[in-house]
Amino acid sequence: QREHTIFLLAKTIFDLKEYMRCWHFLCNAQSPKSRFLKYYALYLAGEKRKEEETLELAGGDGVDRTVQNGKLEEIYKDLQYLHTHGSMDAFLLYLYGLVLKGRDMKDEARQAFCASVRAMPCLWASWAELTALYNNVKDIPNEQLPDHWAKQFFYGMVFAELNRWEESLQCYTQLSAIFPQSNNLKSRVAVAHYDLKEYDESAVEFEEVLECDPYQLEYV
């Protein structure tokens, strides 16, 4: 009960973007959701400071001043221990993947994100990170991914990123049979038709989207 109360306090502080203060209140966290919030707050504190240092060091001399997240090593050590002992849920695996990617350990990051979506197939944040980490569909370890409709959405995104619009359209069309009322899917289908220069089909899809959601700006 006490940890839950502390979690609610820390979550309120997190929403105010006081990340180090949030981390402080969760320093003894033991529950999965409290541990995730604790380390995610520390990660975002490092990201915030990285942005500040980047601006401080920005100059007009053309020199690349790459700044790293100063909290990565601390988080990495703790999460590596939890990972070794099998004490990570889908959310911590997602964060572990972010940390590994930040340390340029891309193969390990891919494995962490794959493990995350196996543990929770609807955790889209991990799918999105996988999308950014694969530049070739042949490299995607399909057998390591869950047999779930989210995987179809993932492949649709990957094909779209690679401008392989026919394959992307096929993925989204199959998903539309599962989610026939989804404006998001209708928008993606419309975009795929547009990039295939199938303008009439694209216009029909966009008209359906705007009829249901006339103030939507995304994709329109």
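This passage describes two helices, the aromatic pairs and the charged side chains over rings in a predicted model.

Helix H10 covers residues 183–195. At 1.5 Å a residue, its 13 residues should span 18 Å, and the end C-alpha atoms are 18 Å apart, which agrees with that expectation. Of the 13 residues of H10, 10 are buried, so the helix is largely enclosed by the rest of the structure. The buried residues begin with Asn183 and include Leu185, Lys186, Ser187, Arg188, Val189, Ala190, Val191, Ala192 and His193. Among the elements that cover them are helix H8 (149–161), helix H9 (165–178) and helix H11 (199–212). Just after H10, lysine 197 adopts a positive phi of about 65 degrees.

One residue of H10 can be followed further. Arginine 188 is located in this helix. Its relative accessible area is 14%, and because buried means under 20%, arginine 188 counts as buried. When residues up to four places away in sequence are left aside, arginine 188 touches Phe153, Met157, Tyr172 and Tyr219.

Helix H6 (residues 106–119) gives a similar account of its length: for 14 residues, the distance from the first C-alpha to the last is 20 Å, close to the 20 Å expected at 1.5 Å a residue. Its buried residues are Ala109, Arg110, Ala112, Phe113, Cys114, Ala115, Ser116 and Val117. The cover over these residues includes helix H5 (90–102) and helix H7 (124–133).

Aromatic rings were examined next. A pair of aromatic rings is described by the distance of the centres and the angle of the planes. The count comes to 14 aromatic pairs. One of the pairs joins tryptophan 127 and phenylalanine 154, with 5.1 Å from centre to centre and 40 degrees between the planes, and is tilted. This pair links distant parts of the chain, since tryptophan 127 belongs to helix H7 and phenylalanine 154 to helix H8, 27 residues apart. Both tryptophan 127 and phenylalanine 154 are buried. Elsewhere, one aromatic cluster is made up of Phe14, Tyr19, Phe36, Tyr40, Tyr43 and Phe91.

Arginine side chains also lie over aromatic rings. Arginine 103 is placed over the face of tyrosine 76, at 3.8 Å from the ring centre. Arginine 110, one of the buried residues of H6, lies over the face of tyrosine 134, at 5.2 Å from the ring centre.

Note on methods: Residues numbered from 1 in each chain as written. Predicted model: local features only at pLDDT ≥ 70, side-chain atom pairs only at ≥ 80, totals over all residues. Heavy atoms only, no water. Helix = DSSP H or I, 4+ residues; strand = E, 2+ residues; numbered from the N terminus. Expected span 1.5 Å × (residues − 1). Buried < 20%, exposed > 50% of the residue type's maximum accessible area, 1.4 Å probe, protein only. Contact = heavy atoms within 4.5 Å. Phe/Tyr/Trp six-rings, centres within 6.5 Å; stacked < 30°, edge-to-face > 60°. Lys NZ or Arg CZ within 6 Å of the ring centre and 35° of its normal.
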